[in-house]
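Biologist: I would like a close look at one part of this model, taken from its immediate partners outward. Please give the cut-offs for each term as you go.

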Amino acid sequence: GRRRRVSWPLQNAPFLSTVLAALPQSFLVSLSFPSPERRWGASLRRGADFDSWGQLVEAIDEYQILARHLQKEAQAQHNNSEFTEEQKKTIGKIATCLELRSAALQSTQSQEEFKLEDLKKLEPILKNILTYNKEFPFDVQPVPLRRILAPGEEENLEFEDEEEEGGAGAGSPDSFPARVPGTLLPRLPSEPGMTLLTIRIEKIGLKDAGQCIDPYMTVSVKDLNGIDLTPVQDTPVASRKEDTYVHFNVDIELQKHVEKLTKGAAIFFEFKHYKPKKRFTSTKCFAFMEMDEIAAGPIVIELYKKPTDFKRKKLQLLTKKPLYLHLHQTLHKE
């Protein structure tokens, strides 16, 4: 029903101030600054509300943003986190469940789905993460992400020149941590008069292509300010490598109708690979496609030096050699 507004008589004001004065400072601070687990709980509830109302785009956005926050916390260094290792493991598992629910909402197959009522069981766990000590209700694992750095962050870590890296001789890929999982999303439902875009990433030309370990591509759609307009997608690890090409042959489904993309938007392709010496995944180069380049058929686009410049202000070509990113676009219109 409707909420009733309760008004307190003025004579109660002295009583209230006495009560507040008696409360510990930490409690009052927690009233004004909600703890991370309270914020996460609220975010999960917002997503579940959108989900139950059938507002799937909003639900997916909320779930994916929350999953990223949780994954970041689950991977935080011990001294940068207020949570124990066990709690971080649970936080990572909740992030996996959010990813599963997002995938279920975007999937046309209904078997093995992660259901909304399952997701709702996570809210009390998340809100009470500091005291939760039961077994996690679902048989999932935290996503085994390697250390993935923000654009530009790896610049501070790289002292030796790219040319001198020990590439192929640096050990067998079998000895590295679990591979980066692909996070490709299925095609959106069609709408009358609206266009959907499938981009096939065929291959990328690099002078040391054969030496890249576990290479994959991160695809995002950004506005002129570098803000995400759709969920970010990672391809699976490349299908094969040869001297100067890494082959992907994988389809990316753009998660917005072409007509709904804002003016000045661009689709970014970041090529990433694993560096065993430093044990993290690094961006090697990037490419992008602007809205006026959307057209059916093949397209070849230039590669730029990192860090990825989502605002497209300071672009530096990666090489003068004729090495590019090879794509093929398919437009679907009702």
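How many of the nine residues of strand S5 are buried?

Modeller: This is a predicted model, in which local features need pLDDT of at least 70 and side-chain atom pairs count only at pLDDT 80 or more, while totals for chains, interfaces and linings use all residues. Residues are numbered from 1 along each chain as its sequence is written, and side-chain values use heavy atoms, with hydrogens and water left out.

Seven of the nine residues of S5 are buried, so the strand is largely enclosed by the rest of the structure. Buried stands for under 20% relative accessible area, exposed for over 50%, and partly exposed for anything in between, with a 1.4 Å probe and protein chains only. For the protein chain as a whole, 42% of the 334 residues are buried. Its secondary structure consists of seven helices and 10 strands, taken as DSSP runs numbered from the N terminus (helices are H or I with at least four residues, strands are E with at least two).

S5 belongs to an open sheet of five strands, ordered S4-S5-S1-S10-S8 and paired antiparallel. Strands S4 (240-241) and S8 (297-301) are at the edges with a single partner strand each, so one side of each has no neighbour in the sheet. Two strands count as paired if DSSP finds at least two bridges between them.

On one side, S5 pairs with S4 in the antiparallel sense over two bridges. A hairpin of three residues joins S4 to S5. Arg-240 has His-247 in S5 as its bridge partner, and Lys-241 stands opposite Val-246 in S5. On the other side, S5 pairs with S1, again antiparallel, over seven bridges. There Lys-203 stands opposite His-247. His-247 therefore appears both as the bridge partner of Arg-240 and opposite Lys-203.

Lys-203 has a second link to this region: its charged end sits over the ring of Tyr-245, 4.2 Å from the ring centre. For such a call, NZ of Lys or CZ of Arg must be within 6 Å of the ring centre and within 35 degrees of the ring normal. Another case of this kind is Lys-222, whose charged end lies over the ring of Phe-310 at 4.1 Å from its centre.

Next come the ring pairs. A pair of aromatic rings is described by the distance of the centres and the angle of the planes. Rings of Phe, Tyr and Trp (its six-membered ring) pair if their centres lie within 6.5 Å; planes under 30 degrees apart count as stacked, over 60 as edge-to-face and the rest as tilted. This rule gives 10 aromatic pairs. In one of them, the rings of Phe-248 and Phe-271 have centres 6.4 Å apart and planes at 85°, so the pair is edge-to-face. The pair links distant parts of the chain, with Phe-248 in strand S5 (residues 245-253) and Phe-271 in strand S6 (residues 266-275), 23 residues apart. Phe-248 counts as buried at 6% relative accessibility, and Phe-271 counts as buried at 1%.

In another pair, Phe-286 and Tyr-304 have ring centres 5.7 Å apart and planes at 35°, so this pair is tilted. It also links distant parts of the chain: Phe-286 is in strand S7 (residues 280-290) and Tyr-304 in strand S9 (residues 304-305), 18 residues apart. Phe-286 is buried at 1% relative accessibility, and Tyr-304 is buried at 12%. Ring pairs connect Phe-286 and Tyr-304 with Phe-268, Phe-288 and Phe-310 in a cluster.

S5 also takes part in the nonpolar packing. A nonpolar core is a set of buried Ala, Val, Leu, Ile, Met, Phe, Trp, Tyr and Cys residues joined through side-chain atoms within 4.5 Å. The largest such core has 32 residues, of which Ile-201, Ile-204, Ile-267, Phe-269 and Leu-325 touch the most other members. S5 supplies at least two residues of this core, as does each of strand S1 (195-205), strand S2 (213-222), S6, S7, S8 and strand S10 (325-333). Beyond four places in sequence, Ile-267 has contacts (heavy atoms within 4.5 Å) that include Leu-197, Ile-199, Val-219, Leu-254, Phe-288 and Ile-294. A second, separate core of 26 residues includes Ile-91, Ile-94, Ala-95 and Val-140.
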